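Q: I should like to learn how to read the features of a protein model one at a time. Could we work through an example together?

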Amino acid sequence: MSKHIKDLITLAQHIGARPDYTQGGGGNVSMKDAAAMLVKASGLRLSELTDASHFVTIDHKAVRDWHDEVILETPLPELIAAGDSAINATILASGGGRPSIETGFHALLGETVLHTHSVYANILMCAHEGEALMRTLFPEAAFIPYNTPGVALTLAIKAAGATEGSDIIFLENHGLIIVAPTPDEAQRKHEEVNEKLRLYFALTDSYPTLAIASNETGWESNSVALKNRIMGNPETLFTFKDTILFPDQVVYGDAISYEPTAPDKITIDPVTGSITYACSEKEALAIEETLAAWLYIHDTVTEKGLTLKTLAAAEGVFIANLDSEKYRKSIL
Ligand SMILES: [Zn+2]
């Protein structure tokens, strides 16, 4: 298995360099043979995967057995707790990190699994019209209705039969999964799906370049595109907290203020378009990428005449309180 780590790292680096494909510590990769699975450690950026210690080795057959035997009627909080401890019990080796929150579906799918929060897939997945459009554009793909990340999502993928040979799986209000025999093949297929979406929506402008710079209180956005977008229509971002498009929005975008006189972790000045971040560099970058992805999906869905599909506020609160998501934030 160790000889394949290089290929998996190459895939992670390629995808992790693209803020239109993953934001912050979102997205993950895995690879398995008959004996074991390597999966990204939770909370790391894909671009941070550079050696074997950044992966967790899992007994994927034991993960699959647990999902086969679990009592589906178990209330969700208990199911999540049971799933977390069951997956921890299948760890064969770890460089110290926890396995990705999505280890369950990685274990149940094929040899190489690539999961991204592609903004192009999420134009479809965050629109009411998206499922029907997806079925026309990708008739071979599976569609999974929204479920809380982790065990609930894994069981939904299993219930839809997508663990039996689906190689393109769209996740409502969440993202995309590609299953392939090799990391190379996964990268190629992921690019093919995204290119098809960019062509369909005629997205010819390049994705905004994102950058942060240090200032006297922490970090600030150094992205001209983001600043111009905020100044052009500042009202959009006022709806950020109540327009939950995907789970990581809650994880990375929780504390936001629009008044420079009352700064919070994220302070957006609607007049100057400036965004300041009172947190670590890693967290600031994760927030910047999440804000940009949210704006891109929001604006494109609206411009293309589609209707935004959002998550309920209660789901946002539920995600924010998940132990696994608190852990991801704690290592920012
Ligand atoms: Zn995800």
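Q: Which residue stands opposite Met 37 in S3?
A: This is a predicted model, and what follows should be read with that in mind. In S3, the residue opposite Met 37 is Ile 58. Strand S3 covers residues 55-58 and pairs with S2 in the antiparallel sense, over four bridges. Another position in this pairing places Lys 40 opposite Phe 55 of S3.

Q: Which strand does S2 pair with over three bridges?
A: S1 and S2 are joined by three bridges in the antiparallel sense. Four residues lie between these two strands, and together the strands form a hairpin. Within it, Lys 32 has Met 37 of S2 as its bridge partner.

Q: How should one read the two faces of a strand, and which residues of S2 lie on each side?
A: In a regular strand, side chains alternate between the two faces of the sheet. In strand S2 (residues 37-40), Met 37 and Val 39 are on one side, while Leu 38 and Lys 40 are on the other. All four are buried, and both faces of S2 are thus covered. S3 likewise has both faces covered: Phe 55 and Thr 57 are buried on one side, Val 56 and Ile 58 on the other.

Q: In what order do the eight strands of the open sheet run?
A: The order is S4-S3-S2-S1-S5-S8-S7-S6, and the pairing is mixed. The edges are taken by strand S4 (91-94) and strand S6 (142-144); each has a single partner strand, so one side of each has no neighbour in the sheet. On average, neighbouring strands of this sheet are turned by 20° against each other, direction ignored.

Q: How do the edge strands S4 and S6 pair, in the parallel or the antiparallel sense?
A: S3 and S4 pair in the antiparallel sense over three bridges, with Val 56 opposite Ser 94 of S4. S6 and strand S7 (residues 168-171) pair in the parallel sense, again over three bridges. There, Ile 144 stands opposite Leu 171 in S7.

Q: Which strands does helix H7 lie across?
A: Helix H7 (residues 151-159) lies across S6, S7 and strand S8 (175-180), and runs at about 140° to S6. Helix H8 (residues 183-200) also packs on the sheet, where it touches strand S1 (28-32), strand S5 (112-116), S7 and S8. The direction of H8 makes about 140° with that of S8.

Q: How is a pair of aromatic rings described, and how many such pairs does the structure hold?
A: The description rests on the distance of the centres and the angle of the planes. The structure holds seven aromatic pairs. In one of them, Phe 240 and Trp 294, the ring centres are 5.0 Å apart and the planes stand at 70°, so the pair is edge-to-face. This pair links distant parts of the chain, 54 residues apart: Phe 240 is in the loop between helix H10 (235-238) and helix H11 (247-252), and Trp 294 is in helix H12 (residues 281-303). Phe 240 is buried, at a relative accessible area of 1%, and Trp 294 is buried at 0%.

Q: Which residues form an aromatic cluster, and which residue lies over the face of Tyr 120?
A: One aromatic cluster consists of Tyr 21, Tyr 120, Tyr 207 and Tyr 296. Arg 198 lies over the face of Tyr 120, at 4.9 Å from the ring centre. In a further case, the charged end of Lys 196 is placed over the ring of Phe 138, 5.0 Å from its centre.

Q: What is the approximate phi of Asn 173?
A: Most residues other than glycine have a negative phi. Asn 173, although not a glycine, has a positive phi of about 50°. Asn 173 lies in the loop between S7 and S8 and is buried, at 1% relative accessibility. Ala 202 also has a positive phi, near 55°, and is found in the loop between H8 and strand S9 (212-215).

Q: Finally, how many disulfides are counted?
A: A disulfide is a covalent bond between the sulfur atoms of two cysteines. With a cut-off of 2.5 Å between the sulfur atoms, the count is zero disulfides. As for individual cysteines, Cys 126 is buried at 0% relative accessibility, and Cys 279 is buried with a relative accessible area of 18%.

How values were computed
Residues numbered from 1 in each chain as written. Predicted model: local features only at pLDDT ≥ 70, side-chain atom pairs only at ≥ 80, totals over all residues. Heavy atoms only, no water. Buried < 20%, exposed > 50% of the residue type's maximum accessible area, 1.4 Å probe, protein only. Pairing = 2+ DSSP bridges. Axes fitted to C-alpha atoms, helices over the stretch in contact; angles between N-to-C directions. Contact = heavy atoms within 4.5 Å. Phe/Tyr/Trp six-rings, centres within 6.5 Å; stacked < 30°, edge-to-face > 60°. Lys NZ or Arg CZ within 6 Å of the ring centre and 35° of its normal.
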